[in-house]
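Hi,

Here is the structure I promised to pass on. Have a look at it first, and my notes follow underneath.

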Amino acid sequence: MPVLLCYTAVPSTLHRRRAVIASIHPHGARDFRCSANNSTENAFLRIAWYGSEILGLGASWLRSPTKKPPETEQSVELLIDDSGKVSRAAVVESIKEDFNRSYFVTGNLCVDAYEEDCEFADPAGSFRGLKRFKRNCTNFGYLLSRSNMKLLKWEDFEDKGIGHWRFSSVMSFPWKPILSATGYTEYYFDEYSGKVCRHVEHWNVPKTALFKQILRPSRAK
């Protein structure tokens with residue numbers, strides 16, 4: 001649940017999107033690959049991502065010490081097939097269960113389904129590291145008063161699976177902005193381990209629309 005704002009501006013995630021913006025992204029700052037045609041836009045996104053990651057960390061430090069953080073890791077012994085790889089069916093099933101736990105904003109996912117150096121990316125950039133992804137997702141969740149993420153459809157391909165999703169949330173800012181988007185995530189499977197080695201998000205919402213959502217007050221309670 002995946003993806004600009006200035007999350008303090010501020011994924012998702014969201015990823016992926018942060019400062020009050022976050023491209024919406026919950027996934028924290030990225031290493032950006034810019035071209036001459038969009039260097040200005042990507043420079044802005046880069047600032048937004050770093051701002052969102054910092055804001056998420058701040059939110060985690062300022063949360064009530066009496067509030068017990070949610071469980072953020074699922075350790076499941078996935079089945080190994082005859083080739084020594086993790087069963088594709090088991091990995092896919094764990095991903096679907098992660099959606100039920102809104103992993104984009106909780107960081108609560110099955111770590112055994114991912115490579116430790118898995119790449120997490122979206123159209124603006126990418127970074128590597130499962131621990132960083134989990135941390136950024138969890139911290140982003142502290143910026144929300146409530147959220148909902150639903151897996152709409154799953155597609156299987158030879159080297160990857162694609163999960164189509166819908167995400168909505170109410171941010172915990174005084175004006176209670178509502179973030180809402182649809183998109184899909186590509187999960188690429190490692191040739192040797194069978195685990196997810198690339199997690200690539202795509203958001204079906206223009207960046208300007210996300211920004212406007214963050215600025216727009218709502219009557220949410």
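Let me start in the sheet: Gly-163 stands opposite Thr-185 in S8. The strand that carries S8 in the antiparallel sense is S7, with 11 bridges between the two; S8 covers residues 178–189. (Two strands pair if DSSP finds at least two bridges between them.) The S7–S8 hairpin has 6 residues between its strands, and Lys-176 there takes a positive phi near 50°.

Before going further, some small print. This is a predicted model, in which local features need pLDDT of at least 70 and side-chain atom pairs count only at pLDDT 80 or more, while totals for chains, interfaces and linings use all residues. Residues are numbered from 1 along each chain as its sequence is written, and side-chain values use heavy atoms, with hydrogens and water left out.

On its other side, so to speak, S7 has S6 (residues 144–156), antiparallel to S7 and joined to it by 11 bridges. Those two form a hairpin with 3 residues between them, and Glu-155 stands opposite Ile-162 in S7. S7 itself spans residues 160–171, and 9 of its 12 residues are buried, so the strand is largely enclosed by the rest of the structure. By buried I mean under 20% relative accessible area, with exposed over 50% and partly exposed in between (1.4 Å probe, protein chains only).

Zooming out, the chain has 5 helices and 9 strands. These are DSSP runs numbered from the N terminus: H or I with at least four residues for helices, E with at least two for strands. Of the 221 residues, 53% are buried. The chain exposes about 10,700 Å², and carbon and sulfur atoms supply 53% of that (Shrake-Rupley areas with a 1.4 Å probe; for residues, only the protein chains shown count as cover).

Now the salt bridges, meaning a side-chain nitrogen of Lys or Arg within 4 Å of a carboxyl oxygen of Asp or Glu. The whole structure has 4 of them. One joins Lys-160 and Glu-186 at 2.5 Å, N to O. Lys-160 is in S7 and Glu-186 in S8, so the pair ties together parts that are 26 residues apart in sequence. Both of these residues are buried.

Another salt bridge links Arg-101 and Asp-98, again 2.5 Å from N to O. Asp-98 is buried at 0% relative accessible area, whereas Arg-101 is partly exposed at 25%. Asp-98 is among the buried residues of H2, which also include Val-91, Ile-95 and Phe-99. H2 takes in residues 88–100 and reaches 19 Å from its first C-alpha to its last, close to the 18 Å expected (1.5 Å times one less than its number of residues). After H2 comes Ser-102, with a positive phi near 50°.

Glu-119 is worth a click too. It sits in S4 (residues 114–122) and is buried at 9%. Its side chain makes a 3.0 Å polar contact with that of Ser-126 (N or O atoms within 3.5 Å; within protein, one must be able to donate a hydrogen and the other to accept it, and residues adjacent in sequence count only if both atoms are side-chain atoms). Glu-119 also meets Arg-128 in a salt bridge of 4.0 Å, N to O, and Arg-128 is exposed at 53%. Together with Arg-198, these two are linked in a salt-bridge network.

Cheers
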